[in-house]
Amino acid sequence: MSGAPYDLVLLPGDGTGPEVVRQGRRLLETLAEGDSAPWRIAEHPGGAQYYQAHGREWTEEAETAARQADAILLGAVGWPGVSLPNGEIAGASIVLGLRRQLDLFANVRPCRLYPGVLHRISGEYKQVWSPKNVDMVIIRENTEGLYTPAHGRLTRGEGTEVAIDTRVITRKGAERVIRYAFELARRRSRGAPEDGKKRVTCVDKSNVLEGCRFFRETFDRVATEYPEIERDYAYVDAFTQWVVRNPEHYDVVVSTNMMGDIITDLASVLQGGMGFAAGGNIGTEHGMFEPVHGSAPKYAGKDQVNPFATFFAVEMMLRWLGERHGDARMTRQADRLERALGRVIAAGSARTYDQGGPISTTGAGDAVLTAVRGEAA
Ligand code: IPM
Ligand code: MN
């Protein structure tokens with residue numbers, strides 16, 4: 001376990017990834033001003049566009065740096081029409097590969113609505129949910145489930161006869177991500193907005209799927225170690241309506257890999273859209289942080305996308321480093337950044353296109369840098 005200066009590895013990736021990571025880097029550099037060298041930053045290219053140009057997804061050097069990093073900030077990978085010979089998205093070794101290889105078993109996706117954020121519903125920008133009512137963290141299992149690389153096709157002659165994706169739920173995989181959820185619920189001071197209760201909701205399809213029955217049994221077993229935390233259950237289909245109708249009920253939510261992928265995109269609408277959704281891929285030894293939005297090819301190179309998801313990913317990264325190393329300086333930096341982000345969002349002066357605003361990615365970055373400088377470390 002090393003301490004400061006932390007080695008931060010930035011993997012900008014494809015499309016708009018480099019644009020938002022550029023702002024993330026400026027933010028890190030600004031936070032470090034006046035502090036005694038809290039981190040070293042290294043940046044490495046990789047992803048689908050790199051694959052298209054070089055015939056490999058990233059360099060060996062980048063891979064080694066990522067494995068040895070104290071924390072990774074990933075932009076996004078993927079580009080239309082570029083895939084690996086096996087059909088997977090080019091860049092898979094970065095996002096899915098690192099999740100598995102570094103054993104980043106918990107994909108932690110906070111869904112919190114900040115005052116000043118607008119919702120885009122039916123093409124209009126308005127305040128639909130209240131910031132008081134949206135404050136949950138969704139935790140997605142990140143190393144197995146339907147993402148287990150045990151899949152394939154049976155082809156006879158010219159046509160494919162059958163395609164199979166194997167969903168694997170192991171005791172270890174389920175137990176550790178569920179325990180992560182309960183530990184997080186224990187640490188979160190506010191509980192659910194509805195009633196202030198600490199609550200963990202297990203989202204599954206245990207009325208149909210065996211793996212989900214096993215996941216829920218494991219949930220119940222782990223829950224007995226946390227009698228002060230309320231257990232809650234939702235079938236995934238029902239959850240999609242409840243979370244929209246009654247988001248204040250939720251505190252911590254835990255689910256399997258593919259279901260977690262889907263419900264976090266849905267829940268992002270409650271927090272103002274993918275432009276605000278950040279995630280941490282967290283294991284016992286490593287952490288990789290990312291905006292959830294993906295490479296958004298349509299907007300690439302236009303300096304238009306919302307960099308706040310990346311800023312929240314940076315905040316999560318600093319908070320995680322602070323906790324992992326017992327380093328109060330990192331926690332103070334995370335708090336400082338959170339205050340600055342909250343202030344800029346509340347002022348409504350850094351709204352990018354997805355919020356109906358005229359501000360560019362760089363413009364939003366400038367506003368945040370100014371706010372950070374105004375917040376004492
Ligand atoms: C995510 C993304 C990835 C996933 C893709 C890019 C493979 O959608 O992080 O949610 O499916 O996990
Ligand atoms: Mn996704």
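## Aromatic pairs

A search of the whole structure, which is a predicted model, turns up 10 aromatic pairs. Tyr 299 and Tyr 353 make a stacked pair, because their ring centres are 4.5 Å apart and their planes meet at 25 degrees, under the 30 degrees that stacking requires. Tyr 299 sits in the loop between strand 14 (287–291) and helix 9 (308–324). Tyr 353 sits in the loop between helix 10 (328–347) and helix 11 (361–374). The pair therefore ties together parts that are 54 residues apart in sequence.

Tyr 353 has 27% relative accessibility, so it counts as partly exposed. Elsewhere, one aromatic cluster is formed by Phe 182, Phe 219, Tyr 226 and Tyr 233.

## Around ligand 1

Six residues line up here by name: Leu 96, Arg 99, Arg 109, Arg 140, Tyr 147 and Asp 261 surround ligand 1. Four residues of this shell are charged, two are nonpolar and none is polar.

Three side chains place a polar atom by an oxygen atom of the ligand. For Tyr 147 the distance is 2.6 Å. For Arg 140 it is 2.8 Å. For Asp 261 it is 2.9 Å. Ligand 1 alone exposes 320 Å², and the protein buries 75% of that.

## A buried histidine

His 44 belongs to the loop between strand 2 (39–43) and helix 2 (48–54). Its relative accessibility is 10%, so His 44 counts as buried. Beyond neighbours within four places in sequence, His 44 is in contact with Val 9, Leu 10, Leu 11 and Pro 12. Its other contacts of this kind are Glu 61, Ala 62 and Ala 65.

How values were computed
Residues numbered from 1 in each chain as written. Chains lettered and ligands numbered in written order. Predicted model: local features only at pLDDT ≥ 70, side-chain atom pairs only at ≥ 80, totals over all residues. Heavy atoms only, no water. Near = heavy atom within 4 Å. Polar contact = N/O pair within 3.5 Å; in protein donor to acceptor, adjacent residues only side chain to side chain. Areas by Shrake-Rupley, 256 points an atom, 1.4 Å probe, with all protein chains shown as cover. Nonpolar A, V, L, I, M, F, W, Y, C, P; charged D, E, K, R; others polar. Helix = DSSP H or I, 4+ residues; strand = E, 2+ residues; numbered from the N terminus. Buried < 20%, exposed > 50% of the residue type's maximum accessible area, 1.4 Å probe, protein only. Contact = heavy atoms within 4.5 Å. Phe/Tyr/Trp six-rings, centres within 6.5 Å; stacked < 30°, edge-to-face > 60°.
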